Amino acid sequence: MTYQFTRVDSKSRPFPPRKSHLRACRDAGDYVDSTAPVVAQGWLVWLEGVDDPDFGERESDYDYVELVYRYGCDEGEAVRLARRWLWDQIEIVET
């Protein structure tokens, strides 16, 4: 049996299957660490470009983007929210 982390929202599997559940979890953590700043920056750029944001046009991240907007988050706070959002999108599956 092997384990692999999957992004639920996109069904992508950015890492190969692993023999241990712990290794698959570490892959997920590495992915979150490297991706959260990019996601947060994307949210901040999107919010800069709109005067009256329509969060309904967002996919699965709409509630997190709304929090960034509503509370006027800086980049560090946006990264923390992006990390939470990414963990919500991750599932470790047996393959």
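Analyst: A crossing of two helices is right-handed if the near helix is turned clockwise from the far one by less than a right angle, and left-handed if anticlockwise. In this predicted model, the crossing of H1 and H3 is right-handed.

User: What makes H1 and H3 oblique to each other?

Analyst: Their packing angle is about 130°. Roughly perpendicular covers 65 to 115 degrees, and roughly antiparallel starts over 145. The angle of about 130° fits neither range, so the pair counts as oblique. The two axes lie 7 Å apart.

User: Which kinds of residue make up the contact of H1 with H3?

Analyst: The contact divides into 17 nonpolar, 3 polar and 3 charged residues.

User: How do you know which elements build the largest nonpolar core?

Analyst: Look at who supplies its residues. Helix H1 (21–48), helix H2 (62–70) and helix H3 (75–88) each give at least two. H1 provides the largest share, 10 residues. The core holds 23 residues, and Trp43, Val68 and Leu86 touch the most other members. In soluble globular proteins, nonpolar side chains tend to be buried together.

User: What does Trp43 touch, leaving aside neighbours within four places in sequence?

Analyst: Tryptophan 43 is in contact with Arg58, Asp61, Tyr64, Val65, Val68, Ala78, Leu81, Ala82 and Trp85.

User: Why is arginine 7 called buried?

Analyst: Its relative accessibility is 12%. Buried means under 20%. Arginine 7 is below that cut-off, so it counts as buried. This residue lies in strand S1 (residues 3–7). Beyond four places in sequence, arginine 7 touches Ser12, Tyr31, Trp85, Leu86 and Gln89.

User: Why is serine 60 called partly exposed?

Analyst: Its relative accessible area is 31%. Buried ends at 20%, and exposed means over 50%. The value for serine 60 falls in between, so the residue is partly exposed. Serine 60 sits in the loop between H1 and H2.

User: What does serine 60 contact beyond four places in sequence, and how far in space is it from valine 8?

Analyst: The contacts of serine 60 are Asp9, Trp85 and Gln89. Serine 60 and valine 8 are 10 Å apart, C-alpha to C-alpha, though 52 residues separate them in sequence.

User: What pattern does the protein chain follow along the sequence?

Analyst: The pattern is β-α-α-α-β. That comes to 3 helices and 2 strands. Of the 95 residues, 38% count as buried. The C-alpha trace spans about 50 × 25 × 15 Å along its principal axes.

Definitions and conventions
Residues numbered from 1 in each chain as written. Predicted model: local features only at pLDDT ≥ 70, side-chain atom pairs only at ≥ 80, totals over all residues. Heavy atoms only, no water. Core = buried A, V, L, I, M, F, W, Y, C linked by side-chain atoms within 4.5 Å. Buried < 20%, exposed > 50% of the residue type's maximum accessible area, 1.4 Å probe, protein only. Helix = DSSP H or I, 4+ residues; strand = E, 2+ residues; numbered from the N terminus. Contact = heavy atoms within 4.5 Å. Axes fitted to C-alpha atoms, helices over the stretch in contact; angles between N-to-C directions. Nonpolar A, V, L, I, M, F, W, Y, C, P; charged D, E, K, R; others polar.
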